[in-house]
Amino acid sequence: MNLLDYVPGDSFLHKLNPVMKLLAAFLYGIACIICNNVIMELVFILLMILISSFAGLQKRALRLTKNLLVLGLIMFVLQLLFVRTGDPLLVIGGFCVFTVGGLMSALLLSLRIVATMLPLMLLFAITRMNDLCGALVKRLHVPYRYAFIVTTAFRFVPLFTTEFHDIEDAQKARGVEYDTGNIFRRLKLIVPLFVPLLISSMKKVDAGAMSAQLRGFNLRTTQSGYHEYPFHRCDAVCLLFLAAVLAVSVAGMILIK
């Protein structure tokens, strides 16, 4: 299963209003961004994994965390080597490899990336894109064309990921070796992967545009949809929880300063 696919369920998270889910993901990410403490960033990551377990998404959250740690590791190395604030921590032959400030900055940035992206990516697992599009139009009165563009972009991410792996498997079946350690050969192998993906994507875009026109895309208004997306008590509880998370993050930032 693709890590960005929707997972059906009847948990507390699944029952939230789609607008509240989107708001929760962004507010939680903001709390992680303004946090300036490594321990608190770890707490935010563990808290998000714990919350995901209530929706039966613990395994997915752990896999997402593992994948995001790869990106965090890259940023960790870059920050460690280029940030030169603080006292020298490792000196080799009179050359300062990294400093205390660089180490703390690298740790904070790498954990912040994981903590910020995790709720946004888990949003896909608990929200149908059709519901998110409808809620944006009904509750926030976003013009349908803009809501459709945003949700369609999200919807195509797992689709293109799956198709990319299918093309890669097809190329391997034809004898293409993607396990080579030669970086220049790897660059040459990009063409047989991305050209078929680009052609397939253009066909899907053309077919999607024609389908939308046939269904009266330009005639859609706020009243066109028959689904209603009311806010419930669970949405208020979620909002209070987010306010508490933001308050803790802001308080921690003030205390550190």
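Reader: In which helix is L136 found, and what makes it count as buried?

Author: In this predicted model, L136 is found in helix α5. Its relative accessibility is 9%, and since buried means under 20% relative accessible area, L136 counts as buried.

Reader: Which residues does L136 touch, leaving aside those up to four places away in sequence?

Author: L136 touches V19, L22, H141, V142 and A147. One of these, L22, lies 114 residues from L136 along the chain, with 9.9 Å separating the two C-alpha atoms, while another, H141, comes just after α5 and takes a positive phi of about 55 degrees.

Reader: Why is α1 called roughly perpendicular to α5?

Author: The axes of helix α1 (residues 18-34) and helix α5 (residues 129-139) come within 8 Å and cross at roughly 100 degrees. Angles of 65 to 115 degrees count as roughly perpendicular, and the crossing angle therefore makes α1 roughly perpendicular to α5. On the α1 side the contact is made by P18, V19 and L22, and on the α5 side by D131, L132, A135, L136 and R139. By residue class, this contact of α1 with α5 divides into 6 nonpolar, no polar and 2 charged.

Reader: What makes α5 mostly covered, and against which helices do its buried residues pack?

Author: Of the 11 residues in α5, 8 are buried, namely M129, L132, C133, G134, A135, L136, V137 and K138. The buried residues of α5 pack against α1, and also against α4 (100-126) and α6 (144-173).

Reader: How do you know that C133, listed among those residues, is buried?

Author: C133 has a relative accessible area of 7%; the cut-off for buried is under 20%, so C133 is buried.

Reader: How many disulfides does a search of the whole structure find, and why is C238 not bonded to the closest cysteine sulfur?

Author: The search, which covers the whole structure, finds 0 disulfides. For C238, the closest cysteine sulfur is in C234, at 8.2 Å, whereas a disulfide needs a pair of cysteine sulfur atoms within 2.5 Å; the sulfur of C238 is therefore too far from that of C234 for a bond.

Reader: Is C238 itself buried or exposed, and how do you know?

Author: The relative accessible area of C238 is 9%, and because a value under 20% means buried, C238 is buried.

Note on methods: Residues are numbered from 1 along each chain as its sequence is written. This is a predicted model: local features need pLDDT of at least 70, side-chain atom pairs count only at pLDDT 80 or more; totals for chains, interfaces and linings use all residues. Side-chain values use heavy atoms; hydrogens and water are left out. Buried means under 20% relative accessible area, exposed over 50%, partly exposed in between (1.4 Å probe, protein chains only). Axes are lines fitted to C-alpha atoms, for helices over the stretch in contact, and angles run from 0 to 180 degrees between N-to-C directions. Helices (H or I, at least four residues) and strands (E, at least two) are DSSP runs, numbered from the N terminus. Angles under 35 degrees count as roughly parallel, over 145 as roughly antiparallel, 65 to 115 as roughly perpendicular and the rest as oblique. Contact means heavy atoms within 4.5 Å. Ala, Val, Leu, Ile, Met, Phe, Trp, Tyr, Cys and Pro count as nonpolar, Asp, Glu, Lys and Arg as charged, and the others, Gly among them, as polar.
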